[in-house]
Each structure stands twice: as C-alpha cells, then as structure tokens.
Amino acid sequence: MTNEIITNQNSIREEQQTISLKEFVGIVLRYWYWFVIGVIVCVICGALYIKKTPPVYLRSATVLVKDDRRTPTLGGEAMIGMDIFKSNSNVYNELVVIKSPALAMSVVSRLGLNYNYEADGFFHPVVLYGASLPFKVQLLDVPDNKSA
C-alpha cells in the first residue's frame with residue numbers, strides 16, 4: 001500500500017513539473033513585448049558597437065622571386081656541385097632583404113607613415129592620409145631613431 005502511495009505521489013510530481021508546448025507558447029505570447037524590446041535593445045547595442053569600433057584593415061601580398069640562372073642538367077655539372085638547395089638559398093636571401101629593418105624604415109619615411117593624423121569623427125577618430133591631409137608636420141630637431 002505504501003509503495004502505491006509513493007508511486008502515485010511521484011507521478012503527480014512529474015505531471016506538475018512537465019509543461020506542454022501549448023502552455024509554453026501561451027506564456028511566450030503573453031509576454032511578447034519583452035521579447036520585442038530585448039531584440040530592439042540588442043540590435044541598437046550591436047549597431048553602436050560596430051559604429052564605435054574603428055575599422056581594421058588587413059592586407060597581404062605575394063612576392064615571386066625569379067632565378068635567371070640556368071639549372072644544370074643531370075650531366076656532369078650537377079654531380080660536381082651537389083648543391084641541391086642553391087635556388088632555395090637565393091629565395092631565402094631575398095626574403096631576408098624584404099624583411100630587413102632598413103628597408104622597412106625607408107618605406108615608412110618615404111610614405112610618411114611615421115606620423116599619425118586623425119580628425120574627430122562622429123563615433124570614432126578618422127585617420128587621415130594622402131590627399132585628405134590638411135597639412136603635413138615635419139619635426140626638424142628630432143632624428144629618425146628617436147621618438148617625440
């Protein structure tokens with residue numbers, strides 16, 4: 001008898017804890033305006049975040065290094081040198097030249113990238129460069145290897 005009472009109480013609890021799909025839709029429709037307000041607030045916050053964040057641009061390039069030297073045929077010349085990685089060392093030398101700090105500094109100074117010009121924007125500062133610059137600043141007393 002006691003087992004029947006316990007199982008009846010468990011089944012009553014399970015029935016009380018489950019919710020039907022119809023009841024769930026009824027609850028959602030009853031508070032529909034909270035869902036609409038939540039979506040509107042999230043869209044406005046997302047738009048403000050996107051407008052406030054300054055743009056970041058990514059770029060990449062590929063460099064092809066051509067070797068004008070003729071590769072020897074499989075005859076005697078190839079057997080004498082046995083330098084299989086000779087063309088790879090030429091590519092490595094070109095990569096070292098491209099990544100050199102002296103080349104990077106000359107590009108920065110030639111293009112005027114060592115100065116940052118910004119104007120006030122509506123949401124974030126706007127970076128000015130090229131023809132949009134109202135004036136250029138050149139510091140005469142500061143050498144290139146020092147910062148000001």
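Start with the whole chain and colour it by burial: of the 148 residues, 3% count as buried. Keep in mind that this is a predicted model. Now switch on the surface. The accessible surface comes to about 14,400 Å², and 63% of that area belongs to carbon and sulfur atoms.

Next, change to a cartoon view. The protein has 6 helices and 2 strands. Walk along the sequence and the pattern reads α-α-α-α-α-α-β-β, with the helices ahead of the strands. If you display contacts between residues at least 6 apart in sequence, 29% of them join residues at least 24 apart.

**Stop 1: the largest pocket**

Select Gly112, Leu113, Asn114, Tyr115 and Asn116. The largest pocket holds about 1,100 Å³ of space. Of the 34 residues that line this pocket, the five you have selected are the closest to its centre. Now add helix H6 (101-111), strand E1 (117-119) and strand E2 (126-128), the elements that each give two or more residues to the lining. Which element gives the most to the lining? Helix H6 does, with 5 residues. Colour the lining by residue type and you will find 20 nonpolar, 8 polar and 6 charged residues.

**Stop 2: two cysteines**

Select cysteine 42 and cysteine 45 and show their side chains. How many disulfides does the protein have? The count comes to 0. Why is there no bond between cysteine 42 and cysteine 45? A disulfide needs two cysteine sulfur atoms within 2.5 Å. The sulfur of cysteine 42 has its closest cysteine sulfur in cysteine 45, at 6.6 Å, so the pair is too far apart for a bond. Starting from cysteine 45 leads back to cysteine 42, which holds the closest cysteine sulfur, again at 6.6 Å.

While both are selected, look at their surroundings. Cysteine 42 counts as exposed because its relative accessibility is 56%, and the cut-off for exposed is over 50%. Cysteine 45 has 47% relative accessibility and so counts as partly exposed.

**Stop 3: tyrosine 49**

Move on to tyrosine 49, which sits in helix H3 (residues 32-52). Is tyrosine 49 buried or exposed? With a relative accessible area of 60%, tyrosine 49 is exposed. Finally, add phenylalanine 123 to the selection and draw a distance between the two C-alpha atoms. Tyrosine 49 and phenylalanine 123 are 74 residues apart along the chain, while their C-alpha atoms are separated by 9.7 Å.

Note on methods: Residues numbered from 1 in each chain as written. Predicted model: local features only at pLDDT ≥ 70, side-chain atom pairs only at ≥ 80, totals over all residues. Heavy atoms only, no water. Helix = DSSP H or I, 4+ residues; strand = E, 2+ residues; numbered from the N terminus. Buried < 20%, exposed > 50% of the residue type's maximum accessible area, 1.4 Å probe, protein only. Contact = heavy atoms within 4.5 Å. Areas by Shrake-Rupley, 256 points an atom, 1.4 Å probe, with all protein chains shown as cover. 1 Å grid on protein atoms, 1.4 Å probe; cavity = no way out; pocket = protein on both sides within 12 Å on 5 of 7 lines; lining within 4 Å. Points joined across faces, edges and corners; volume = space filled by probe spheres on them. Nonpolar A, V, L, I, M, F, W, Y, C, P; charged D, E, K, R; others polar.
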